[in-house]
Each structure stands twice: as structure tokens, then as C-alpha cells.
Amino acid sequence: MSIYDKLKELGIALPPVATPAAAYVPFVRTGNLVFISGHIAKKDGKAWVGQLGKTMTTDEGRAAARAIAIDLMGTLHAAVGDLNKVQRIVKVMSLVNSTPDFTEQHLVTNGASELFGQVFGDKGAHARSAFGVAQIPMGACVEIELIAEV
């Protein structure tokens, strides 16, 4: 099954690449690697604002991370032209806007990791880091960046 058939089965439509909010590019391809810049969680077209452990639950954070994964795949599609060319999701780094005592950043990030597994199968298994941070641009609850091999 192609990646696009899988996305359709999951009811996912890939968004266009978002315009960067600062002085950077959405992705850089070097050799067989594509580095996707950090994408913040969005809800209704705006930054999904919140802080895990204060104004958001872990499940809400997982939903935000899943939404970011969809945006990341849209950017990856723009970078390579065909998601079927992806050989591996190599690395995911997740920043979770959270209180000092919140310790479920890894569970929040699963929202993205699990979707990559559903879409890419074994090629979606990746190395990962998940950090709790004091703030993310525009007050977003989660930001995720991605490295893929094509």
C-alpha cells in the first residue's frame, strides 16, 4: 500500500508547507537526509496555546503532537515530492511546553511517533528525544522537528 493510500485510509489530508515565522527555511536536504524545521502545534489555523501540567492534559498534548506529525509530513512531501521515497524516519525531537513537575513529555510525543509508525510502518520507527521546556514560540504547547532519509 502506498503512503498516500495509507493517509487516505486514516482520513489525513496533507497541508501545504507553512510560511516560516522567522529567518529560516522549512526544510534542508543534504545528500539522502532531509531536515525538517520545528513545527508548532496548530489548532484552527492558529498556534495551539497551552502548557502541559497546567492548562492541558497529556491526552490533549498527544493530539497536538499528532497534528504536528501531519504538518511535518506535508513539509516532507514538499521536500521530496513523493513520500514513498522515504526510506526511514530517522529522528524526532519534541519540545513540550510544560510545568516543572510535568514528566509525561514522552507520552505527549507518542502522538507523533505512533502516527509515523501507522503511516510508514517499519520505516517510521525512529530515534527520539522529548524535552520539557519553559516556553515555545507563540505560546504553543508542542514543537517537533524531524530528520528523514530518502
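Which residue of S6 stands opposite Leu95? In this predicted model, the partner of Leu95 is Phe131 in S6. This pair offers a convenient way into the sheet, to which the two strands belong.

The sheet is open and consists of five strands, arranged in the order S1-S2-S7-S5-S6 with mixed pairing. Its edges are formed by S1 and by strand S6 (127-133), each of which pairs on one side only. From one strand to the next, the twist averages 10°. As general background, the strands of a sheet pair through backbone hydrogen bonds, in either a parallel or an antiparallel manner. Both senses can be followed here, beginning with strand S5 (residues 88-97), which pairs with S6 in the parallel sense over seven bridges. At the other edge, strand S1 (residues 27-30) runs antiparallel to strand S2 (residues 33-40), and four bridges join them. Phe27 faces Ile36, standing opposite this residue of S2. Two residues lie between the strands of the S1 and S2 hairpin, where Gly31 adopts a positive phi near 60°.

Two helices lie across the strands. H2 lies across S1, S2, S5 and strand S7 (142-149), and runs at about 140° to S2. Helix H3 (residues 105-120), in turn, lies across S5, S6 and S7, with a direction at about 150° to S6.

Arg128 is a good place to look at side-chain detail on the edge strand S6, in which this residue has its place. With a relative accessibility of 30%, Arg128 counts as partly exposed, because the value falls between the 20% and 50% cut-offs. Beyond residues up to four places away in sequence, Arg128 touches Lys91, Val92, His106, Thr109, Asn110 and Ser113. Two of these neighbours deserve a closer look. A polar atom of the Arg128 side chain lies 3.0 Å from the backbone oxygen of His106, although the two residues are 22 apart in sequence, with a C-alpha to C-alpha distance of 9.2 Å. The Arg128 side chain also makes a polar contact with the side chain of Ser113, at 2.9 Å.

Gln51 gives a second example, this time from a loop: the one between strand S4 (46-47) and helix H2 (58-80). Gln51 counts as buried because its relative accessibility, 18%, is under the 20% cut-off. Leaving aside residues up to four places away in sequence, Gln51 touches Met56, Asn97, Ser98, Thr99 and Ala134. Among these, Ser98 is also reached through its backbone oxygen, at 3.5 Å from the side chain of Gln51.

Terms used:
Residues are numbered from 1 along each chain as its sequence is written. This is a predicted model: local features need pLDDT of at least 70, side-chain atom pairs count only at pLDDT 80 or more; totals for chains, interfaces and linings use all residues. Side-chain values use heavy atoms; hydrogens and water are left out. Two strands pair if DSSP finds at least two bridges between them. Buried means under 20% relative accessible area, exposed over 50%, partly exposed in between (1.4 Å probe, protein chains only). A polar contact is a pair of N or O atoms within 3.5 Å; within protein, one must be able to donate a hydrogen and the other to accept it, and residues adjacent in sequence count only if both atoms are side-chain atoms. Contact means heavy atoms within 4.5 Å. Axes are lines fitted to C-alpha atoms, for helices over the stretch in contact, and angles run from 0 to 180 degrees between N-to-C directions.
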